[in-house]
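Colleague: I am new to this one. Please show me how to read it.

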Amino acid sequence: MSHAAPQAIHLADYTPPNWLVSSVHLTFRLDPTGTRVLSRIEFAPNPDASSRDFALDGENMKLISARIDGAEVTPDVGAHGLTCDVPDGAFTWEAEVEINPASNTALEGLYMSSGMYCTQCEAEGFRKITYYPDRPDVMSVFTVRIEGDEPVMLSNGNPGNSGDGFAEWHDPWPKPAYLFALVAGRLVNHPGSFTTMSGREVDLNIWVRPGDEGKCAFGMQALKDSMRWDEEVYGREYDLDLFNIVAVDDFNMGAMENKGLNIFNSSCVLASPETSTDANFERIEAIIAHEYFHNWTGNRITCRDWFQLCLKEGLTVFRDAQFTSDMRSAPVKRIEDVIVLRARQFREDNGPLAHPVRPHSFVEINNFYTATVYEKGAELIGMLKTLVGDEAWSKALTLYFQRHDGQACTIEDWLKVFEDVTGRDLAQFKRWYEDAGTPRLSVTDEFKDGTYTLNFKQETPPTPGQDSKPPRVIPIAVGLLGQNGDEVVETRILEMNKAEQNFEFTGLSAHPIPSILRGFSAPVILMRETNDAERAFLLAHDTDPFNKWEAGRALARAGLLEMISEGANPDAAYLEAVRTMATDDSLDPAFRALTLGLPSQDDLAQAIHDAGSTPDPQAIWDALEALKDARAEALEDTANALYSQHQVGETYRPDAEQSGARALANAALAMITRRDGGAAAQAQYDSADNMTQQLAALGCLLQAGKGDTAVQAFYEQWQDDRLVIDKWFGLQIAHAAPDQTVAVTERLTQHPDFTMKNPNRFRATLGALAGSPAGFHHASGEGYRLLADWLIKLDPLNPQTTARMCSAFETWRRYDDARQTLIKKQLRRIADQPKLSRDTTEMVGRILQS
Ligand code: ZN
C-alpha cells in the first residue's frame, strides 16, 4: 500500500472526556461556498476524568478566530482538530470557522443537495461543521441561529424567533453532536398533527422539493402510526412540540434520526402508487418507524462510544420489525427478515469482514454500519426477549428507560437491566455481542421407550482475530409433530448452553417429526441430516409458518445443489411441494408468493463452499434457470389460475392484503412468461396503473429478451423522476444474461443520466452489477474490473459509499484460483491508489488479508 496503515481505535482504550459541555450556541451564516459557523460553547471539567488537556475535533475547515472567556487565543491547529491551553475551571469557548458546503461531495457535515443545505453528522460529521468534542458521551443543549435568505431554515428542537433572513431553534434535550441537523432551502411541507397520550399537540411536517408534495401522504400516516405504536407498546411519548422530516436526494444511507429533524434519503420517504412498488411502501413505513423509534432508543438514551452502536441500532431494528409485524403480517415479515439476514449478515459473518456485533476495534466507524451491527444486533435482542420471556422483557424495558434516560450507555448497562429484573446471569449471553461468526448447530435424534431425545452440538468457525469460541447460549424453539401431522408437543424453548447437549421429551407413543428452530429463534446455521420426505411432511403440516416456508426452501436448495453438482434433473418432490403451497387457499397470498421464491445465487455459492467445493457462478445460474423453466412447465395451469385469481380490482392500496395478492400474481406472471414468451407481461405492462405492476412486467419482458420497446417507453415516461429512473438503471442490469451484465452496466454508466455524485444512482447501477453474481463473476474478470474502475473514481468524492460497496468482493475466497487472482488484482489496484481514503483503505485491507 502506498501509505502507512491508518490507526485503529480500541474499545479497551476508552477514557471519559476531559471536558463536558453544558450548552452550545451556534450561528450559521449560510453561503454555498463560504458558510461561517460561529460557536459559543460552555465547557466544564469532567469530575470523572484524570486529565484537563483540551482538544477539539475539526476537519476541512478554516479557523477564523477563537476566544476563551472573551480573550483571543491561538490554538494549535492540525488536520484533525486543535489543542489549546485552557483555564483550570469552567470556561466559555468561542470560535468562528468557514466551511464550503458546495464542495462537500462526501455528504458528511454540511453539504448541498439539489440546491438545498443539509447535514449528516452521524457518526463523525459534526467535526466538519465546527471544532467540537465530537463523541457521543458529550451531551449538551443546543441553541441555533441560521442566517440566510432561504425560505425555509430548520434545525433541531422547537422553533424560536424568526424573521427576515434568520431563524432560531432551541432543543431542550441534551444530545450528542451526531444528532445535530440543519436544513435550509426552497422546500414545501406536507403538514400533519398528532395528539400524544398525555394530550399534547405535536405539529408534524414532511419537507420536500416543490413538485414532490404529492408523495408525502403515506409517510405522514406511517409517522402517526409509529408515534401511536410506541405509546401503546412501549409507553414512549414524543417530547417536542414539532417533528420534522426532510427528504434529500443525495444521501449516503437510508435516513437519519436527528432530534426532531429526521433527514431521509428521498427514496426512503417519497411514495406514490404510480412511482413506488409495494416493497418500497413497506420499506418506507419501516424506515420512518425506525427513525422515529430512535427518539427513545438512540436519542434520549444514546451510546457512550461508537463501539456501542448496536445498543441503539440492534434495539431499534428490533422495534421497527415488531411494528411492521403488527401493521402487516408477522410471519411474512419474519421470513423476509431471515432472507435478508442470511443474504447479507451470514455472508459478512462467514467472510473476511466478519466482526462482532460489538466490535473490539475499528479504523473508520462508517465501515461498521453493517448487517452484523444492525440485523444480527436485532436478532440478539430477539433472543434475549425469548430467553427472559415477554413479561420480564416489558419490565426490563421500562427500567431501561427509567434508569438511563439522558445518558450515554453501554451494552453492559443494557444487560445489567435484564440481570436486575430477572436475577439471571447474562455473562454467557454476552458472548453473542463479543464473538463474531455464525454458529453451526447440528442435531441428531433418537426415540426409545416413549422418550424422544434431541442431541445438539454447536460450533462457531474462526473469524478474523478470533480463533476459538466458547459455546453460547442458544434459544432453540422446538415443536413435535405426530406421524399423522398433528402437533404432539407445542413450541417450547430449549436453552442450549453447552457445546453438546441432549433434550428429552417423554410420554410419546411414536417417533415424532421435529420442527426445530421455529421462527428462526437464533441466528445460526442448522445442520440436520434429513430427507425430502421429512421436508415435504413439515411443509404440509408444520404449524409454524417460518418452518413451513423453510421446509420448502430446504427442498429447493437440496434439489438445486444436486442439479449443480451432479447434473440432476429438477426435483419432482420440490415441484409437487411448491404447487401444494402455492395453491393452498387457506394460506396468505403473501406467504404463498414467498414459497415461490428460490435460494439466491449467492446463497447457493455459500452452500457449495461450505460443503468443501468451489462454486461455479455460471453453473449456479444455469441450474436456477433450468429449475425455473421446469417449474413453469410443471405449474403452467397453476400459474395461469393464480394469475387470474389474484388480480386486484379495487383502487390501489399499499397494504399487506393487496400487496400480497400482487406479489403472488407477479410470481405467477414470471412463470407464465417462461411459457408464453412475454405476451401476458406485455399486456400487464401496457395496462399497469401502478409501479408494482409496471416494474414486475418490465422485469419479465427483460427476462424474456423482449424488453427493448418497454425499456424505451419506460424511460420516456419517467425521465423526470429520479427515483423511478434509479429502478430503470438497476432493472436492466439485474435482468441481463450473465454474459451481457458487464456490457449493459458499462453502457448505462455512459448514459447522460448516470452520475456518480448521487449515491442512489451509483448504487442502482454498480450495486446491480455487484448483485448479479453470474455476471459480476464472469470468468473474463471484466465485472471485477468495471466495479474497481468506478470505485476508484468515486473514492475521492465519496469515501463512505465507496467503502461500503467494496463488500462486493468479500466472498472472493469461495471462488477458483483464476477468479481469486483476478479479484486480488483489482483489490490491489484499488489499494494502490494514491490518497485512497481511510474508509476504503480499511475495507480493502480487511478483505485482502485473513
Ligand atoms: Zn438506526
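Modeller: We will take the metal site, then a domain interface. This is a predicted model, where local features need pLDDT of at least 70, side-chain atom pairs count only at pLDDT 80 or more, and totals for chains, interfaces and linings use all residues. Residues are numbered from 1 along each chain as its sequence is written, and side-chain values use heavy atoms, leaving out hydrogens and water.

Colleague: Which protein atoms are the donors of the zinc ion?

Modeller: Donors are N, O and S atoms within 2.8 Å of the metal (3.2 Å for Na, K and Ca); water is not among the atoms, so sites may look incomplete. Here they are His290 (NE2), His294 (NE2) and two OE atoms of Glu313, lying 1.9 to 2.8 Å from the zinc ion. Along the chain their spacing reads H-x3-H-x18-E.

Colleague: Are the two histidines, His290 and His294, buried or exposed?

Modeller: Buried means under 20% relative accessible area, exposed over 50%, partly exposed in between (1.4 Å probe, protein chains only). His290 is buried at 7%. His294 is buried too, at 0%.

Colleague: Now the interface. How far apart are the C-alpha centres of domain 1 and domain 3?

Modeller: Domain bounds come from an automatic or database domain assignment. Domain 1 covers 1-102 + 116-184, and domain 3 covers 302-434. Their C-alpha centres lie 30 Å apart.

Colleague: How much area do domain 1 and domain 3 bury between them?

Modeller: Interface size is often given as the accessible area lost when the parts come together. Buried area here uses a 1.4 Å probe and is summed over both parts. Domain 1 and domain 3 bury about 1600 Å², 63% of it on carbon and sulfur atoms. Ile9, Leu11 and Pro136 supply 36% of domain 1's share.

Terms used: Buried area = accessible area lost by both parts, 1.4 Å probe.
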